[in-house]
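User: Hello! Could you walk me through this structure, one question at a time?

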Amino acid sequence: MKIGFIGLGNMGAPMAANLAKAGHTVTGFDMADVTVEGVTLAGSAVEAATGADAVITMLPNGAILRSVAADILPAMTKGACHIDCSTVDVDSARAVAGDAAAAGLLSVDAPVSGGITGAAAGTLTFMAGGAEEGFAIAAPLFDIMGQKAVHCGDAGAGQAAKICNNMILGVTMIATCEAFALADKLGLDRQKMFDVVSTSSGYSWTMNAYCPAPGIGPQSPADNGYTPGFAAELMLKDLRLSQEAATSADADTPMGQLAEALYARFVEDEDGLGRDFSAMLPRFEARNRD
Ligand code: NAD
């Protein structure tokens with residue numbers, strides 16, 4: 001397949017490289033100066049999109065997606081498919097899907113879970129929204145870049161699944177960290193705490209697979225000085241998207257709201273910027289010492 005790939009950052013570069021490695025002809029574009037193995041670089045997004053069977057975007061946010069889409073959709077071949085893998089707001093995903101349909105194109109919103117390790121290893125999970133015809137074109141590409149793809153529903157359903165998942169992730173990480181910090185205050189050994197919770201009803205991905213306490217559980221960013229991994233500011237971005245969606249859908253999400261406020265304080269007023277989102281644990285430790 002001829003694939004255009006726009007946004008070759010931490011996630012996009014390894015995803016594009018995996019498509020090229022699998023034998024697809026990939027033409028990429030990024031505003032920054034990048035090189036990606038197996039990918040031919042174009043001089044503009046429009047050039048990368050022209051003549052492609054599928055165009056993948058992997059961009060920072062909804063505003064940038066909308067502006068790139070306004071440029072590339074009119075340049076794409078009728079019947080080709082636009083696959084947006086960025087994490088963006090549901091409204092932007094739906095607006096871009098509407099513009100794609102008006103231009104005679106298929107489209108899929110397909111945000112991912114699995115981070116930069118999953119992108120490099122080709123083990124991402126894709127959550128997709130859009131019509132069946134678009135998903136059918138995208139599915140073989142998801143198989144190369146990931147290990148699982150769930151077709152969640154119509155346009156925007158992939159983004160809806162992603163922000164609901166990450167709202168649970170943010171809330172659960174905070175709960176895991178504050179429980180560790182409370183356990184410290186109560187004189188409970190951290191390893192014992194892990195041994196109990198990871199096999200009891202308080203277990204979660206944040207405890208069992210991504211434990212925020214250094215030296216406990218499987219290897220995680222906590223064992224590497226809280227270097228991301230998944231940066232606190234990206235968690236904040238996703239929590240903000242979940243709360244924007246909750247406001248526009250008139251849904252009551254008090255825990256999501258609290259998690260957003262806490263990560264906002266952590267990133268903007270404390271020392272969370274540039275640290276993994278599990279560094280919420282040393283934050284609680286410091287507050288409990290004060
Ligand atoms: P990144 O900042 O490393 O990459 C984004 C790239 O887009 C950059 O290289 C930037 O130069 C490029 N870009 C920006 N504006 C552009 C434009 N107008 N035209 C062309 N290129 C442009 O970010 P990332 O970590 O690769 O994340 C990309 C998306 O994936 C985000 O939406 C993020 O929320 C989501 N995501 C990231 C992770 C993660 O762990 N990093 C995990 C899941 C989802």
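User: Where does UniProt place the feature "domain: 3-hydroxyisobutyrate dehydrogenase-like NAD-binding"?

Analyst: Happy to start there. This label comes from an unreviewed UniProt entry, and the model it is laid on is a predicted one. In the model, the span has its end C-alpha atoms 33 Å apart, with 60% helix and 0% strand. UniProt puts the feature at residues 156-281.

User: And how much helix and strand does the chain have over residues 2-153?

Analyst: UniProt, again in an unreviewed entry, gives residues 2-153 the feature "domain: 6-phosphogluconate dehydrogenase NADP-binding". The end C-alpha atoms of this stretch are 26 Å apart. Its content is 39% helix and 26% strand.

User: What separation do the centres of domain 1 and domain 2 have?

Analyst: The domain assignment splits the protein chain into domain 1, residues 2-154, and domain 2, residues 160-286. Taking the centres over C-alpha atoms, the separation is 29 Å.

User: How many residues does each domain bring to the contact, and what classes are found on the side of domain 1?

Analyst: Domain 2 contributes 11 residues to the contact and domain 1 contributes 9. On the domain 1 side that touches domain 2, the classes are 4 nonpolar, 3 polar and 2 charged residues.

User: Which residues come nearest to the ligand?

Analyst: Let's begin with the shell as a whole: 24 residues are around the ligand. By class they divide into 16 nonpolar, 7 polar and 1 charged. The ones that come nearest are Gly9, Asn10, Met11, Ser86 and Thr87.

User: Which helices each supply at least two residues of that shell?

Analyst: Two stretches of helix fit that description, residues 62-72 and residues 115-121. They are helix H3 and helix H5.

User: Is strand S8 mostly covered or mostly open, and how many of its residues are buried?

Analyst: Strand S8 covers residues 124-129. A residue counts as buried if 20 or more other C-beta atoms lie within 10 Å of its own. By that test S8 is mostly covered, the buried count being 5 of its 6 residues.

User: Which strands are joined to S8, and do they run parallel or antiparallel to S8?

Analyst: Strand S7, residues 112-113, is joined to S8 by 2 bridges, and the two run antiparallel. In this pairing Ser113 stands opposite Thr125 of S8. Strand S9, residues 146-153, is joined to S8 by 6 bridges, with Phe126 opposite Ala149 in S9. To sum up, S7 is antiparallel to S8, and the parallel partner is S9.

Methods: Residues are numbered from 1 along each chain as its sequence is written. This is a predicted model: local features need pLDDT of at least 70, side-chain atom pairs count only at pLDDT 80 or more; totals for chains, interfaces and linings use all residues. Domain bounds come from an automatic or database domain assignment. Two residues are in contact if their C-beta atoms, placed from the backbone, lie within 7 Å. Ala, Val, Leu, Ile, Met, Phe, Trp, Tyr, Cys and Pro count as nonpolar, Asp, Glu, Lys and Arg as charged, and the others, Gly among them, as polar. A residue is near a molecule or strand if its C-beta atom, placed from the backbone, lies within 6 Å of it. Helices (H or I, at least four residues) and strands (E, at least two) are DSSP runs, numbered from the N terminus. UniProt positions are given in the numbering used here, feature names are shortened, and annotations may be inferred rather than shown by experiment. A residue is buried if 20 or more other C-beta atoms lie within 10 Å of its own, exposed if 12 or fewer, and partly exposed in between; C-beta atoms are placed from the backbone. Two strands pair if DSSP finds at least two bridges between them.
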